[in-house]
Amino acid sequence: MNPATPILPGATIGVLGGGQLGRMFAIAARELGYRIHVYSPDDDSPAGQIGDLEYAAAYEDLDRIREFARRVNVVTFEFENVHAASTAAAAEFAPVRPDGWVLHTTQNRLREKSFLTQNGFPVTPFRAINSLTDLESAARDLGLPAVLKTADFGYDGKGQVKLGPGANYAEAFAGLRGAEGIYETFVDFEKELSVVAARTLSGQFQAFPVFENTHANHILDVTFAPAAIEERLAEEAVDLAEGILTKLDLVGLLTVEMFLTRDGRLLVNELAPRTHNSGHLTIDACVTSQFEQQVRAVCGLPLGSTELYAPAAMANLLGDLWRPGEPQWANALEDPSVKLHLYGKREPRPGRKMGHLTATARTTSEALRRVIRARDQLLAK
Ligand code: AMP
């Protein structure tokens, strides 16, 4: 089949990964009339609950991956830590979008940051760490404070440690447990921002408004849009994203996480070749959600408008909220501008993303106030 031929509603989309991003993608795809097959190691996964068919098998099981890919028209993913061998096996039978090498580049922090610096995109100074000597010389050459992370398969601050003056390097190095590490100089940022953007095979590009994010314990806590930054910086952030998607020759959707430094520079922290937690507010606040945009981009349909209907804020609901018992859902919904999204996960473990709330209002500060109050109300008796 000519790769430029659109994959039209009625066709089947395969999703690698069964989490909440896959779930919301599957909902958007179903609204557009597609069928969905989900592949993940788990049974009854959040995405599998919505899909037409669920494969519960390991990502390394290449025979099962081939069987899955044979029965779909296109493969995309909601989880980027799938090995290159698995995407290559899928690509024998269906287009994989974004391409496997994008996944391979972005799933390792060293490959990702090397790609960015080689192409002139700004990142914090970094070094590969394979020995205690590497760590000591990185600290000497690049300076402290810094963050030491595992190079492979990291997200949400997993496998990260901050190093300050007087740091115990031997202990920090041992913490990598033999895995390759990356030493990054610590960015004293003013804000964390993200740009979610899509690109089609024909090169059409469309970004959502810039999101502003705050984290708690390395996990995204609250996002609002539009970000409280000057127009000039917002344009710069979107231009940066367009440059990256173009350089990657990306077909699909990708998120660029950025720092805004105190002296007004944008630095790229991380790329995620998929939808992103910070983009969840697009479901309730934009003409096209990030999930629908991913469907359009991977199926070769024209991209939708990313216009924001109203300022919006999103608050994550982590498993910790369940500690005193089931949250008081009706309390949060007393504010009619608040929307509740739950991901169908049975076990509310601490730190586990169970759902989110979105509020829209006349101003971002009003949307923020409402969404935080609604989340607080979940615990009110
Ligand atoms: P990551 O897993 O790289 O997305 O990191 C998770 C969070 O840790 C980021 O959103 C930041 O809040 C923080 N962080 C990561 N790297 C750095 C850095 N080099 N400097 C300052 N903060 C960082």
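Which ring does the charged end of K162 sit over? The answer comes below, along with a friendly tour of the aromatic contacts in this predicted model.

## Charges over rings

The ring in question belongs to F186: the charged end of K162 is placed 3.9 Å from its centre. A second case involves an arginine, with R70 lying over the face of F93 at 4.6 Å from the ring centre.

## Aromatic pairs

In total, the structure holds eight aromatic pairs. One of them joins Y39 and Y55, whose ring centres are 6.0 Å apart; their planes meet at 20 degrees, so this pair is stacked. The contact links distant parts of the chain, since Y39 belongs to strand β2 (residues 35-40) and Y55 to strand β3 (residues 53-56), with their positions 16 residues apart in numbering.

Y39 has 0% relative accessibility and therefore counts as buried. Y55, at 4% relative accessibility, counts as buried because the cut-off is under 20%.

Y55 also takes part in a pair with F68, where the centres are 5.4 Å apart and the planes are at 80 degrees, so the geometry is edge-to-face. Here, too, distant parts of the chain are linked: Y55 sits in strand β3 and F68 in helix α2 (residues 62-70), 13 residues apart. Both Y55 and F68 are buried.

## The wider cluster

These contacts belong to a bigger picture: ring pairs link Y39, Y55, Y59, F68 and F79 into a cluster. Within that cluster, Y55 pairs with Y39 in a stacked arrangement and with F68 in an edge-to-face one.

How values were computed:
Residues are numbered from 1 along each chain as its sequence is written. This is a predicted model: local features need pLDDT of at least 70, side-chain atom pairs count only at pLDDT 80 or more; totals for chains, interfaces and linings use all residues. Side-chain values use heavy atoms; hydrogens and water are left out. Rings of Phe, Tyr and Trp (its six-membered ring) pair if their centres lie within 6.5 Å; planes under 30 degrees apart count as stacked, over 60 as edge-to-face and the rest as tilted. Helices (H or I, at least four residues) and strands (E, at least two) are DSSP runs, numbered from the N terminus. Buried means under 20% relative accessible area, exposed over 50%, partly exposed in between (1.4 Å probe, protein chains only). A charge sits over a ring if NZ of Lys or CZ of Arg is within 6 Å of the ring centre and within 35 degrees of the ring normal.
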